[in-house]
Amino acid sequence: MIVGDGSRTSFWHDCWIASECLATKFQALYTHTMDNQISVKYALQQGLTASLVPRLSETARQECQCLQDLLQDFSLNNERDIRTGGIMGKFTTKNIYDTRLPPGISSPNWNLIWKCRAPLKVKLFAWLLVRDRLSTKQNLLKKKIVQNGVCDVCQQGDETADHMCFTCPFVQSFWERIRVNPTIQDVWLLHQLKPSPNVPELHHHVFFLLCMWAIWNHRHDVVFRGQTPSIRCCLQRCINEAALWAENLKIEDRHVISAWKNIFTSPLRSLNLM
Ligand SMILES: [Zn+2]
């Protein structure tokens, strides 16, 4: 689980803050709950003790202390909780914290990604992308999960994060079609992306994340659903996603969505005419 507002995550039974669920990790304490169906939102807002019996055994009391220490740094936000396990594999909020940089080292990408107006699942995707933690073929090869690291979309180069976003011939053709030049070839330089003349300056990083998210998902359709690589499908996905992302923007900023849609619609029209 990636916890947003915590309302759809089971405090005791979902895997959200540790590698196992809290009912398993703190078994003694769990036997002292009066309501084991509480959400993370309820537990964090009402306090852990609100749903526990008044008297705890010594073991349960110690576990309660450990759990409170664990919860201390955790905070909720306004986004929906995300049940992972789909295309990004098993990620808990703890995994994301684990991919933070060592103390004292800051990344210009951190603020850009976590403060931008993209949906939470896309921020997660973007952070894993710039940290090279996505399940690209190259990363799967390192873990000996696949036999080779060749890109399934172009069959021409090794599928790294950089290849997938910038150097894959398929992706280069996508960028050309929408008349956007990303100007970088390294995902780690995401913060240096500058908008092309047809892309509004406002929220331009969100625009790039929208494109990369669509590319990543399309690649997934090619690899796992046997689809043929198609710029048309990629463009259509960008248009569909853009409509959904509007609610993440302030009302006065939503005009950028129309500009983005135009960027995808005109090449889509000319492809449909071919
Ligand atoms: Zn490729």
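1. A quick term before we start: helices here are DSSP runs of H or I with at least four residues, numbered from the N terminus. Please also keep in mind that this is a predicted model.

2. With that in hand, let's begin at Gln138, which sits in helix 8, spanning residues 137-142. The relative accessible area of Gln138 is 18%, and buried means under 20%, so Gln138 counts as buried. Leaving aside residues up to four places away in sequence, Gln138 touches Gly149, Asp158, Glu159 and Thr160.

3. Next, the zinc ion. Which protein atoms serve as its donors? They are the SG atoms of Cys151, Cys154 and Cys168, together with NE2 of His163, at 2.1 to 2.3 Å from the zinc ion. Along the chain, the donors follow the spacing C-x2-C-x8-H-x4-C. Two of these residues, Cys151 and Cys154, are both buried.

4. Why is the zinc arrangement called tetrahedral? Because the four donor atoms subtend angles of 103 to 118° around the zinc ion, and four donors count as tetrahedral if all angles lie between 85 and 135 degrees.

5. Finally, a helix pair you may like to look at. Helix 7 (residues 120-130) packs against helix 11 (residues 204-225) at an angle of about 80°, and their axes are 10 Å apart. That angle makes the two helices roughly perpendicular.

6. Who meets whom in that pair? From helix 7 come Lys121, Val122, Phe125, Ala126 and Leu129, and from helix 11 come Leu209, Met212, Trp213 and Trp216. The residues of this contact divide into eight nonpolar, one charged and no polar.

Note on methods. Residues numbered from 1 in each chain as written. Predicted model: local features only at pLDDT ≥ 70, side-chain atom pairs only at ≥ 80, totals over all residues. Heavy atoms only, no water. Axes fitted to C-alpha atoms, helices over the stretch in contact; angles between N-to-C directions. Parallel < 35°, antiparallel > 145°, perpendicular 65-115°, else oblique. Contact = heavy atoms within 4.5 Å. Nonpolar A, V, L, I, M, F, W, Y, C, P; charged D, E, K, R; others polar. Donors = N, O, S within 2.8 Å, 3.2 Å for Na, K, Ca; no water. Tetrahedral: all angles 85-135°; square planar, octahedral: opposite > 155°, others 65-115°. Buried < 20%, exposed > 50% of the residue type's maximum accessible area, 1.4 Å probe, protein only.
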